Each structure stands twice: as C-alpha cells, then as structure tokens.
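Open the model in your viewer and keep the selection panel handy. We will move from one stop to the next, and each stop says what to pick and what is there.

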Amino acid sequence: MATVELTFSALPAHVRTARLVATAIARRTGVEESLLDEVRLAVGEACSRAVEAHRVHCPGEPIRIELRDDSGRFEVTVSDQAPGDEIKQEQPLDLGMLSDSFMSGFGIAVIEGLADDVQVFPSPKGTNIRMSWPASNGTTG
C-alpha cells in the first residue's frame, strides 16, 4: 500500500493543486479514465469545504489530504481542523441521517454522488471525509 500525504494552507488557490495531485495519483493507481473527473470533482469539493471552514475557524492551521492505494481501492481522506458545532461524535455518520443544512453547507451530497464510497467522521476537533474508488492495478512503482 502506497500513501501520499499533502498539507496546504487554507487558500482557495491550493484546491486546484490538490485536485491535480489526486487525479494524477488516481490515474497511476489504476482508477479508470472514466472516473477521473469524479475523483477530481469530489476532492475539489471536499477541499473547498475544508478551506471554507478553516478560513472561518482556524485560518493558520493546515488542511491535510491522504491519498492511498489500498487493496484495489484508491482512497482519499481530506481532514480539516475546524471545530464541528453541529456534530459531537467521532464515528462515521449515516449520510442519510444528515440534516439538509449540513448536507448543503458542506457539499457532502455532491461528494456522495461522485465517489464510490464516502464516510464522514465529524468531531469537535475537525472533520475527516474519506472517499474511495476502485483501482484496477494498484501499481505504485
């Protein structure tokens, strides 16, 4: 399993870089060409959500992205450090149970429509959004 970690400051310009890196690594890990736009858009949405939250709550803290090739899956986790006011748990959420304001405000619904699998881990210390897509070859060399 190969892992790439990327951190960036909460500036909208860095979202583009995160999307480009995620797309390049997805291609390299064997994600089908037809899914690369979904990877790019989902990562962009998750990073934009994190940038917005950081700019309000903790502009000096970095946003972290982890990209992994794990057992035939390409997995991306976008982690922010902005406190979650609405949610007080540190377990994956059932996305069907989220309020409309949470879904629209954070773009989770968009991400859910783009990624093959989505898990959201909110906590008072920040939110992790884990997305994954099938990868055919898992080559990291």
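Begin with Thr-23: select this residue and show its side chain. Thr-23 has a relative accessibility of 13%, so it counts as buried, the cut-off being under 20%. Keep in mind throughout the tour that this is a predicted model.

**Stop 1: around Thr-23**

Thr-23 sits in helix α1. Now add Leu-36 and Arg-40 to the selection: leaving aside neighbours within four places in sequence, these are the residues in contact with Thr-23.

Next, colour the whole of α1, residues 13-29. Thr-23 has buried company in this helix: Val-15, Ala-18, Ala-22, Ile-25, Ala-26 and Thr-29 are buried too. What lies over the buried residues of α1? The cover includes β1, α2, β2 and β3.

If you like using the distance tool, try it on the two end C-alpha atoms of α1. They are 25 Å apart, which agrees with the 24 Å that 17 residues should span at 1.5 Å a residue. Then step just past the end of α1 to Gly-30, where phi is positive, at about 100 degrees.

**Stop 2: the whole chain**

Zoom out and switch to a cartoon view. The protein chain has four helices and five strands. Followed from the N terminus, the elements come in the order β-α-α-β-β-α-α-β-β. The chain has 141 residues, and 44% of them count as buried. Among contacts with a separation of 6 or more, 67% are between residues 24 or more positions apart. For the outside, turn on a surface: the chain exposes about 7300 Å², with carbon and sulfur atoms supplying 49% of it.

**Stop 3: helix α2**

Select residues 36-57, which form α2. The end C-alpha atoms of α2 are 31 Å apart, in agreement with the 32 Å expected for 22 residues at 1.5 Å a residue. Buried residues of α2 include Leu-36, Val-39, Val-43, Ala-46, Ala-50 and Val-51, along with Arg-49 and His-54.

Cys-47 deserves a click of its own: its relative accessibility is 0%, so it counts as buried. Then click Cys-58, which is buried as well, with a relative accessible area of 12%. How many disulfides are there in this model? The count comes to zero.

**Stop 4: the strands**

Now select β2, residues 63-70. Because six of its eight residues are buried, β2 is largely enclosed by the rest of the structure. Add β1, residues 2-8: β1 and β2 pair in the antiparallel sense over seven bridges. To see one of these pairings, show Thr-3 with its bridge partner in β2, Arg-68.

On the other pairing of β2 you will find β3, again antiparallel and again over seven bridges. Arg-64 and Ser-79 in β3 are bridge partners here. Follow the backbone from β2 to β3 and you pass through a hairpin with two residues between the strands; Ser-71 in this turn has a positive phi of about 50 degrees.

Stay with β3, residues 73-79. This strand is mostly covered, with six of its seven residues buried. β3 also runs antiparallel to β5, joined to it by seven bridges. Show Phe-74 and Trp-133 to see a bridge pair between β3 and β5.

**Stop 5: the nonpolar core**

Select Phe-74, Val-76, Val-78 and Met-131. Within the largest nonpolar core, which has 32 residues, these four touch the most other members. Two or more residues of this core come from each of α1, α2, β2, β3, α4 (108-114), β4 and β5 (126-134). Which element gives the most to this core? That is α2, with eight residues.

For a closer look, centre on Val-78. Not counting residues up to four places away in sequence, Val-78 touches residues including Ala-46, Cys-47 and Ala-50, then Ile-63, Arg-64 and Ile-65, and also Ile-129 and Met-131.

**Stop 6: Pro-122**

Finish in strand β4, residues 117-123, where you will find Pro-122. Is Pro-122 buried or exposed? With a relative accessibility of 3%, Pro-122 counts as buried. As a last distance, select the C-alpha atoms of Pro-122 and Asp-80: these residues are 42 apart in sequence and 9.6 Å apart in space.

Key: Residues numbered from 1 in each chain as written. Predicted model: local features only at pLDDT ≥ 70, side-chain atom pairs only at ≥ 80, totals over all residues. Heavy atoms only, no water. Buried < 20%, exposed > 50% of the residue type's maximum accessible area, 1.4 Å probe, protein only. Core = buried A, V, L, I, M, F, W, Y, C linked by side-chain atoms within 4.5 Å. Contact = heavy atoms within 4.5 Å. Disulfide = S-S within 2.5 Å. Pairing = 2+ DSSP bridges. Areas by Shrake-Rupley, 256 points an atom, 1.4 Å probe, with all protein chains shown as cover. Expected span 1.5 Å × (residues − 1).
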